[in-house]
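Trainee: I would like to go through the terms used for this structure and see how each one is earned.
Mentor: Ask about the terms in turn, and each value will be set against its definition.

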Amino acid sequence: IICVFWSLVPFKTVKMGRMHSGGKGISDSALPYKRSPPSWLKISPQEVSEHICKLAKKGLTPSQVGVILRDSHGIAQVSNVTGNKILRILKANGLAPQIPEDLYHLIKKAVAVRKHLEKNRKDKDSKFRLILVESRVHRLARYYKKTRVLPPNWKYESSTASALISS
């Protein structure tokens, strides 16, 4: 009799594969188990929120704000200190970016590839990569419309994409 106990074998959950490459990516960072701020951190949630707003007013993205707070101020997880994530704090103060950061960077990449293709018309690989990047833009835009982060009439157009990036 062969008996297999799959439920008893500890293993990492299977991740969804990448959209346009072969990787599955099992590496990730682990958040601390305790959700309370560390005892050595002597900064109030109000001060952290003010600092986030000050950095956002300088033109930094939410992820850049998080990196600065982590590296320069010792605040590993803003949500453990304030009870809110960086983007929620920015939204409450009216400082959130108009389009989500991940979508912004995909559009920026598409604009860069399109600019490259204007100079190098015979670059077939870049043309193929542009199609892949723009399909990711459309998929992400569809998700953000469904979750009401973007307005329902928002549309990605390659002709107006560079204007979206510059603003």
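What follows is a short exchange on helix 6, salt bridges and the largest pocket.

Trainee: What kind of model is this, and how are its residues numbered?
Mentor: The model is predicted, with local features needing pLDDT of at least 70 and side-chain atom pairs counting only at pLDDT 80 or more, while totals for chains, interfaces and linings use all residues. Residues are numbered from 1 along each chain as its sequence is written, and side-chain values use heavy atoms, leaving out hydrogens and water.

Trainee: Why is Ile-131 called buried or exposed?
Mentor: Buried means under 20% relative accessible area, exposed over 50%, and partly exposed in between, with a 1.4 Å probe and protein chains only. Ile-131 has 52%, so the residue is exposed. Ile-131 sits in helix 6, residues 124–146; helices (H or I, at least four residues) are DSSP runs numbered from the N terminus.

Trainee: Which residues of helix 6 are buried?
Mentor: Among them are Ser-126, Leu-130, Leu-132, Val-133 and Tyr-144. Helix 5 is included in what covers the buried residues of helix 6.

Trainee: How do you know that the length of helix 6 agrees with its number of residues?
Mentor: The expected span is 1.5 Å times one less than the number of residues. For the 23 residues of helix 6 that gives 33 Å, and the end C-alpha atoms are 33 Å apart, so the two agree. Arg-148, which follows helix 6, has a positive phi, near 60 degrees.

Trainee: What makes Arg-114 and Glu-134 a salt bridge?
Mentor: The term requires a side-chain nitrogen of Lys or Arg within 4 Å of a carboxyl oxygen of Asp or Glu. Between Arg-114 and Glu-134 the N to O distance is 2.7 Å, and the pair counts as a salt bridge. Arg-114 belongs to helix 5 and Glu-134 to helix 6, so this pair ties together parts 20 residues apart in sequence. Arg-114 is partly exposed at 27% relative accessibility, whereas Glu-134 is buried at 14%.

Trainee: How many salt bridges are found in the whole structure?
Mentor: The search finds three. One of them joins Arg-129 and Asp-125 at 3.7 Å, N to O. These two are four residues apart in helix 6, which means a separation of about one helical turn. Arg-129 has a relative accessible area of 37% and is therefore partly exposed; Asp-125, at 45%, is also partly exposed. Arg-70 and Asp-71 form a salt bridge too, their closest N and O atoms being 2.7 Å apart.

Trainee: What makes a space a pocket and not a cavity?
Mentor: On a 1 Å grid over the protein atoms alone, a cavity is a set of points where a 1.4 Å probe fits but cannot get out, and a pocket is an open set with protein on both sides within 12 Å along at least five of seven lines. The largest pocket has a volume of about 620 Å³, taken as the space filled by probe spheres set on the points, which are joined across faces, edges and corners.

Trainee: Which residues lie nearest the centre of the largest pocket?
Mentor: Pro-62, Ser-63, Lys-85, Ile-86 and Leu-87 do, out of 23 lining residues; a lining residue has an atom within 4 Å of a point. Helix 2 gives the largest share of the lining, five residues.

Notes: Contact means heavy atoms within 4.5 Å.
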